[in-house]
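Here are some exercises to work through with the model open in your viewer. Try each one yourself before reading the solution.

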Amino acid sequence: MKSGLLGIAIAIVALVLYWSTFSLNPAQQALVLQFGEVRGVQTTPGLKFKAPWQNVLIIDKRILDLNMPPIEPILADKKRLLVDAFARYRISDPVRFYQSVNNIPAGASRLATFLDSSLRGVLGNATLEQVVRDDRSNLMEQIRQDVDKRAAAIGMDVIDVKIRRADLPEANSQAIFRRMQTERQREATEIRAQGEEQSRRIKSRADRDATVIVAEAERDAQVIRGDGDAAANQIFAEAYGKDPSFFEFYRSMQAYRTAMEKGDTSLVLSPDSDFFRYFNDPSGKVSAPAAGAAQ
């Protein structure tokens, strides 16, 4: 009889201990609830105690991810942008979190609403260049601060907000590509026209320089030729003064060579003419005419 009562007592104690204890790992925090009302908060790992009639709500303490569906905000320059963003958050105030949204799926839904509104608001005041290239990190910090301020009301801290992908819609992309292609073609036409203008200018300058060089060369040639002719005449004059007979002989030989060169011109001269005096007499004396010829 006593052993039966002892067993019952042990069973009752075991049930009480089972209903009165719970454990937490380092990634968990818990709320102790009594008829839906928060009676305690446990944030450290280990074995914990509660009243048997109380319930425990386990809440994740780790940093959680929120993946947003793509949205299409209108930017300040009236362009549409397809934005794929995500956020990282954690539950910092489990009591407020429980009282506001009760569970993680509901909290993630509220946070997604905050993030959607903030993305549209901040990006709506920015241009395409700012979002894509110039000021993206600053815009992301503005969105994070705005979402974090709203999320604090439901017991959540927003650690980070990032845009995973920001693309133009397909129709806008094609229009921009066509505009970029047109601009590149216009720039290419301008560059080509500038190149042709420079080419014509260079050719004109080269032709002018060539004309000047040729004219100067011809002028110098004329001067040199004149100097040469003057020197030759001077030499001939000096030679004539030294030996007039040899000079006449030399000039006659030149005249023979020039007159007898192969050509189409025919000369009819008398053998007794002064032109052929060196043929008749090596000394160049002109022979007297015969008596019959004189008559």
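**Exercise 1. A strand and its partners**

Which residue of β3 does Leu31 stand opposite? Once you have that, work out how β2 is paired on both sides.

*Solution.* Keep in mind that you're looking at a predicted model.

Step 1: Leu31 faces Val41 in β3. Further along, Leu33 stands opposite Val38 of that strand.

Step 2: count the bridges. β2 (residues 28-34) and β3 (residues 37-42) run antiparallel and are joined by 5 bridges. The two make a hairpin with 2 residues between them, and Phe35 in the turn has a positive phi of about 55 degrees.

Step 3: turn to the other partner. β5 (residues 55-60) is also antiparallel to β2, with 6 bridges joining the pair. For Gln28, the bridge partner in β5 is Asp60.

Step 4: put the strands in order. You get an open sheet of 3 strands, β3-β2-β5, with antiparallel pairing. β3 and β5 are at the edges with a single partner strand each, so each has one side without a neighbour in the sheet. From one strand to the next, the twist averages 30 degrees.

Step 5: check the cover. Of the 7 residues in β2, 6 are buried, so to speak of the strand as mostly covered is fair.

**Exercise 2. Does the helix length add up?**

Take helix α3 (residues 104-123): what should its span be, and how far apart are its end C-alpha atoms? Then find what its buried residues pack against.

*Solution.* Step 1: use 1.5 Å a residue. For the 20 residues of α3 that gives an expected span of 28 Å, and the end C-alpha atoms are 28 Å apart, which agrees.

Step 2: look at the start of the helix. Here a side-chain oxygen of Asn103 comes to within 2.9 Å of the backbone nitrogen of Ala106.

Step 3: list the buried residues. They are Gly107, Ala108, Leu111, Ala112, Phe114, Leu115, Ser118, Leu119, Val122 and Leu123. When you look at the spacing, remember that an α-helix has 3.6 residues a turn, so residues three or four places apart point the same way.

Step 4: find the neighbours. The buried residues of α3 pack against three helices and three strands by name: α2 (94-100), α4 (128-134), α5 (136-151), β6 (64-67), β7 (82-91) and β8 (156-167).

**Exercise 3. Buried or exposed?**

Sort Arg144, Leu24, Lys78 and Asn102 by their accessibility, then look at their surroundings.

*Solution.* Step 1: Arg144 lies in helix α5. With a relative accessible area of 18%, Arg144 is under the 20% cut-off and therefore buried. Its side chain makes a polar contact with the side chain of Glu141 at 3.1 Å. Leaving out residues up to four places away in sequence, Arg144 touches Val158, Ile159, Asp160 and Val161.

Step 2: Leu24 belongs to strand β1 (residues 21-24). Its relative accessible area is 6%, so Leu24 is buried. Beyond four places in sequence, its contacts include Gln29, Ala30, Gln42 and Ile58. Thr44 is another of the contacts of Leu24; the two are 20 residues apart along the chain, with 7.2 Å between their C-alpha atoms.

Step 3: Lys78 sits in the loop between β6 and β7. At 71% relative accessibility, Lys78 is exposed. Check the backbone too: phi of Lys78 is near 70 degrees, a positive value in a residue other than glycine.

Step 4: Asn102 is in the loop between α2 and α3. A relative accessible area of 39% makes Asn102 partly exposed. Asn102 isn't a glycine, but has a positive phi of about 80 degrees.

**Exercise 4. Where should you be careful?**

Which element has the lowest mean pLDDT, and which the highest?

*Solution.* Step 1: get the overall picture. Mean pLDDT for the protein is 80, and 78% of its residues reach 70 or more.

Step 2: compare the elements. Helix α9 (residues 291-294) comes lowest with a mean of 42, while β6 comes highest with 92.

Step 3: look around the weak spot. Over residues 290-295 pLDDT stays under 50, and the model has 0 contacts there beyond four places in sequence.

Step 4: draw the conclusion. Where pLDDT is low, don't read the predicted coordinates in detail.

Conventions
Residues are numbered from 1 along each chain as its sequence is written. Side-chain values use heavy atoms; hydrogens and water are left out. Helices (H or I, at least four residues) and strands (E, at least two) are DSSP runs, numbered from the N terminus. The expected span of a helix is 1.5 Å times one less than its number of residues. Buried means under 20% relative accessible area, exposed over 50%, partly exposed in between (1.4 Å probe, protein chains only). Contact means heavy atoms within 4.5 Å. A polar contact is a pair of N or O atoms within 3.5 Å; within protein, one must be able to donate a hydrogen and the other to accept it, and residues adjacent in sequence count only if both atoms are side-chain atoms. pLDDT is the predictor's confidence in each residue, from 0 to 100. Two strands pair if DSSP finds at least two bridges between them. Axes are lines fitted to C-alpha atoms, for helices over the stretch in contact, and angles run from 0 to 180 degrees between N-to-C directions.
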